[in-house]
Amino acid sequence: MMFAVAAFAVLVSLALAVARALAGPTVFDRMVAVNSIGNGAILLLAVFGFLTGRPEFLDIGILYALLNIVGTIAVLKYFRFGDLGHRGGEEPS
Amino acid sequence: MSLELAADIVTGICLAIGSFFLVVGSIGLLRMPDVFTRMHATSVSDTLGAGFLIIGMMVQAGFTLVTVKLLIILAIFFFTSPLSTHALARGALAVGLKPALFDRNGRKRSKELDLIRDFGVVEVRDVPPATPTDPAHAEKKERQKRRTGRRGASKPKSKGGRSSKR
């Protein structure tokens, strides 16, 4: 029961984040929303594992948490330097 | 029996608090006017919401491997959420997005941004007022003067600057 309520709250949070990702004026708004969607997906996996009595979904949650930060940094680097293989360092003019 | 009931009660409370903060952070993400304030609202749901949800599930799981996995997820959250937020803010500033500032009448202000950028000292008295008879502006100026007067450390510095300016 309480895990169902928590899963519903996570779903509401995901819906609001999806609305911001669709309506965001800049690409950074969409990135904030996508990051929030990733965190919500991890929490939904964990809560759903407890809801169905199979907490093995947590491994997938750990994997999603590791992929989320890598994806965020990769997309930000692409939009900042215009190249994923850029060495970074100096600011682009 | 009683221990399980206590664990259930603690889990329910933690899940309720976590759900509340998660929904509040997402409402802030949808309603805030700016990229930077949206990041600020997201950090609420990333720390408090996820933290309370995972603590509730840890109480429910007990001393098993599941608790360790939840602890790993919590540690990943706590390390990567400031990292991604910092990268997002730096990227937005490098592209040229500026934080939106509003005064109390709802108009956007951009004149203080150049002052904020040099380590956050806003000196309103150097900016000439747009309309000197505006009561809202005078009230804001008065409030600023009181606030600088209340801080003990910056008080003689600002007074010295003002007297030398005159």
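**Reading helices and their packing in a two-chain model**

Me: How far apart are the end C-alpha atoms of H2(A), and what span should its 25 residues have at 1.5 Å a residue?

Reply: The approach is to compare an expected length with the one found in the model. For the 25 residues of H2(A), 1.5 Å a residue leads one to expect a span of 36 Å, and the end C-alpha atoms are 35 Å apart, which agrees. Please keep in mind that this is a predicted model.

Me: What follows H2(A)?

Reply: The residue after a helix can be examined through its backbone angles. Here H2(A) is followed by Gly53(A), whose phi is positive, near 80°.

Me: How many of the 25 residues of H2(A) are buried?

Reply: One counts the buried residues and sets them against the length of the helix. In H2(A) 19 of the 25 residues are buried, so this helix is largely enclosed by the rest of the structure.

Me: Which element gives the most residues to the largest nonpolar core?

Reply: Let us begin with the general idea. In soluble globular proteins, nonpolar side chains tend to be buried together. In this model the largest nonpolar core has 27 residues, and those touching the most other members are Ala6(A), Leu43(A), Ala46(A), Val47(A), Leu53(B) and Ile73(B). Helices H1 (2-23), H2 (27-51) and H3 (57-81) of chain A each give two or more residues to this core, as do H1, H2 and H3 of chain B. The most comes from H2(A), with seven residues.

Me: Which residues does Ala46(A) touch, not counting those up to four places away in sequence?

Reply: Setting sequence neighbours aside shows what the fold brings together. Ala46(A) touches Phe57(A), Leu58(A) and Gly61(A), and also Met57(B), Leu70(B) and Ile73(B). There is also a second, separate core of 15 residues, with Met31(A), Leu76(A), Leu29(B) and Phe36(B) among them.

Me: How many residues of chain B are in contact with chain A, and which helix supplies the largest share?

Reply: An interface is read first by its count, then by its elements, then by its chemistry. In this model 38 residues of chain B contact 39 residues of chain A. Helices H1 (2-31), H2 (35-61) and H3 (65-95) of chain B each supply at least two residues of the side that touches chain A. The largest share of that side, 15 residues, comes from H3(B). By class, this side of chain B has 24 nonpolar, eleven polar and three charged residues.

Me: Are H1(A) and H1(B) roughly parallel or antiparallel?

Reply: The angle between the axes decides the matter, and under 35 degrees counts as roughly parallel. H1(A) and H1(B) pack at about 10° with axes 9 Å apart, and they are therefore roughly parallel to each other. Among the residues that meet are Ala6(A), Ala9(A) and Ser13(A) in H1(A), and Leu15(B), Gly18(B) and Leu22(B) in H1(B). The residues of this contact comprise 15 nonpolar, six polar and one charged.

Me: At what angle do H2(A) and H3(B) pack?

Reply: The same reading of axes applies. H2(A) and H3(B) pack at about 175°, their axes being 10 Å apart. That makes H2(A) roughly antiparallel to H3(B), because angles over 145 degrees count as such. The contact includes Met31(A), Asn35(A) and Ala46(A) on one side, with Leu70(B), Ile73(B) and Phe77(B) on the other. By class it has ten nonpolar, four polar and no charged residues.

Me: How do the axes of H2(B) and H3(B) cross, and what classes of residue are in their contact?

Reply: Packing within one chain is read in the same manner. The axes of H2(B) and H3(B) come within 9 Å and cross at roughly 175°. H2(B) is thus roughly antiparallel to H3(B). The contact includes Met57(B) in H2(B) and Leu70(B) in H3(B), and its residues divide into 16 nonpolar, six polar and one charged.

Me: Is Gly49(B) buried or exposed?

Reply: One counts the surrounding C-beta atoms; 20 or more within 10 Å make a residue buried. Gly49(B), found in helix H2 of chain B, has 28 other C-beta atoms within 10 Å, so Gly49(B) is buried. Leaving aside neighbours within four places in sequence, Gly49(B) contacts Gly18(B), Phe21(B), Leu22(B), Gly25(B) and Val44(B).

Me: What pattern does chain B follow along the sequence?

Reply: One lists the elements in sequence order. Chain B has six helices and two strands, following the pattern α-α-α-β-β-α-α-α. Buried residues make up 22% of the 166 residues in chain B.

Notes: Residues are numbered from 1 along each chain as its sequence is written. Chains are lettered from A and ligands numbered from 1 in the order in which they are written. This is a predicted model: local features need pLDDT of at least 70, side-chain atom pairs count only at pLDDT 80 or more; totals for chains, interfaces and linings use all residues. Two residues are in contact if their C-beta atoms, placed from the backbone, lie within 7 Å. Helices (H or I, at least four residues) and strands (E, at least two) are DSSP runs, numbered from the N terminus. Ala, Val, Leu, Ile, Met, Phe, Trp, Tyr, Cys and Pro count as nonpolar, Asp, Glu, Lys and Arg as charged, and the others, Gly among them, as polar. A nonpolar core is a set of buried Ala, Val, Leu, Ile, Met, Phe, Trp, Tyr and Cys residues joined through C-beta atoms within 7 Å. A residue is buried if 20 or more other C-beta atoms lie within 10 Å of its own, exposed if 12 or fewer, and partly exposed in between; C-beta atoms are placed from the backbone. Axes are lines fitted to C-alpha atoms, for helices over the stretch in contact, and angles run from 0 to 180 degrees between N-to-C directions. Angles under 35 degrees count as roughly parallel, over 145 as roughly antiparallel, 65 to 115 as roughly perpendicular and the rest as oblique. The expected span of a helix is 1.5 Å times one less than its number of residues.
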